[in-house]
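Subject: Structure for you, with notes

Hi,

Here is the structure I promised to pass on. Could you open it and read along with the notes underneath?

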Amino acid sequence: MDPIRRSITLLGTLPVIRLDHPERDALPLADALLEGGLPLIEITFRAEGAEKAIAQIRKHRPEMLVGAGTVLTPGQVKAAYDAGAHFMVSPGLNRRVVETCLTLGTAVFPGCMTPTEIETAIELGLEAVKFFPAEQAGGIAMIKALSAPYRTIGFVPTGGVTLENLADYLRCPSVIACGGSYMATPKMIEEHNWRAITEMCRRTVDIVKQVKG
């Protein structure tokens with residue numbers, strides 16, 4: 001198993017973060033996640049400066065696994081890679097994005113929600129995909145249905161995952177981890193409520209331990 005996938009699987013959850021002020025918030029946020037037991041972050045390209053946040057955390061918090069999210073173009077892949085991102089996540093399956101990641105030798109989790117997209121991912125040599133938008137696309141029932149013919153694929157459901165339904169997703173054998181923003185919402189970050197983020201991470205880690213052992 002790919003070492004990045006192994007690490008994400010062991011941690012069970014992937015905090016998906018939008019940072020509007022990376023120069024101010026990247027390191028305090030990283031510290032809150034670390035204190036809460038989650039040395040992992042996906043910084044999305046939904047806000048400008050994502051690559052700056054990635055570079056900051058990689059330089060000053062080297063113990064963290066840092067990914068780039070909402071990667072839509074090969075250019076964004078290269079910017080994230082140059083900043084030091086360990087992995088890439090995209091909302092859909094774009095061949096050019098995936099092929100750029102594979103050429104650079106970086107892990108990628110493209111968004112898939114149909115059999116055709118999953119078969120394309122398999123054709124490209126991938127072993128795990130993001131299932132997005134999870135709740136809107138059928139949630140756990142849909143993942144179980146897709147897992148029947150595609151037994152080798154691991155899923156990272158994202159979109160509508162909460163503290164309340166996290167355990168249900170993790171109990172599904174084909175789910176390797178869940179992506180979510182609930183543990184560090186934009187409001188928490190804007191208010192610099194690092195304690196709340198740390199507490200939410202701790203509660204998340206407890207659920208992962210209860211389910212995965």
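What do the buried residues of α5 pack against? They sit against α4 (74-83), β4 (87-90) and β5. Before I go on, keep in mind that this is a predicted model.

**α5 and the turn after it**

The buried residues in α5 are V97, V98, T100 and C101. They lie on the same side of α5, because they cover an arc of only 160° around the axis. Look at the face turned away from that buried side and you'll find the exposed residues R96 and T103. The start of α5 has a nice detail too: a side-chain oxygen of N94 comes to within 2.9 Å of the backbone nitrogen of R96. At the other end, α5 is followed by G105, which has a positive phi, near 80°.

Then comes T106, in the loop between α5 (95-104) and β5 (107-112). Is T106 buried or exposed? Its relative accessibility is 7%, so T106 counts as buried. Leaving out residues up to four places away in sequence, T106 touches Y81, A85, H86, F87, M88 and C101. C101, one of the buried residues of α5, is thus also among the contacts of T106. With H86 there is a polar detail as well: the T106 side chain reaches the backbone oxygen of H86 at 3.3 Å.

**The strands β5, β6 and β7**

Next, have a look at the parallel strands. β5 and β6 run parallel and are joined by two bridges; C112 has F131 of β6 as its bridge partner. Between these strands the chain passes through helix α6 (residues 115-123), and the β-α-β crossover is right-handed.

On its other pairing, β6 runs parallel to β7 (residues 154-157), with four bridges joining them. Two of the partnerships are worth clicking on: F131 bridges to P157 of β7, and K130 bridges to V156 of β7. Here too the connection is a right-handed β-α-β unit, made of β6, helix α7 (residues 139-147) and β7.

Which residues cover the two faces of β6? A128 and K130 are on one side of the strand (residues 128-131), V129 and F131 are on the other, and all of them are buried. β7 is likewise covered on both faces, with G154 and V156 on one side, F155 and P157 on the other, and all of these buried. So the K130 that pairs with V156 is a buried lysine, because buried here means under 20% relative accessible area and K130 is listed among the buried residues of β6.

**α2**

Helix α2 (residues 22-35) has 14 residues and spans 19 Å from its first C-alpha to its last, close to the 20 Å expected at 1.5 Å a residue. Its buried residues are P22, D25, A26, L29, A30, A32 and L33. Why do they line one face of the helix? Looking down the axis of α2, they fall within an arc of 165°, so they line one face. As a reminder, an α-helix has 3.6 residues a turn, so residues three or four places apart point the same way.

The buried residues of α2 have several packing partners: β1 (13-17), β2 (40-44), α3 (50-60), α9 (186-190) and α10 (194-212). The face turned away from the buried side carries E23 and E35, which are exposed. After α2 comes G37, again with a positive phi, here near 90°.

**Backbone oddities**

Most residues other than glycine have a negative phi, and most peptide bonds are trans. A few places here are worth checking with that in mind.

- The peptide bond from F132 to P133 is cis, with omega near -10°. P133 is in the loop between β6 and α7.
- T70 is not a glycine, yet its phi is positive, about 50°. It lies in the loop between β3 (65-69) and α4, and T70 is buried, with a relative accessible area of 15%.
- H192 is not a glycine either, and its phi is positive at about 55°. H192 belongs to the loop between α9 and α10, where it is partly exposed, with a relative accessible area of 34%.

Cheers

How values were computed: Residues numbered from 1 in each chain as written. Predicted model: local features only at pLDDT ≥ 70, side-chain atom pairs only at ≥ 80, totals over all residues. Heavy atoms only, no water. Buried < 20%, exposed > 50% of the residue type's maximum accessible area, 1.4 Å probe, protein only. Polar contact = N/O pair within 3.5 Å; in protein donor to acceptor, adjacent residues only side chain to side chain. Contact = heavy atoms within 4.5 Å. Pairing = 2+ DSSP bridges. Right-handed = clockwise from strand over helix to strand, strands pointing away. Expected span 1.5 Å × (residues − 1). Arc of directions from axis to C-beta.
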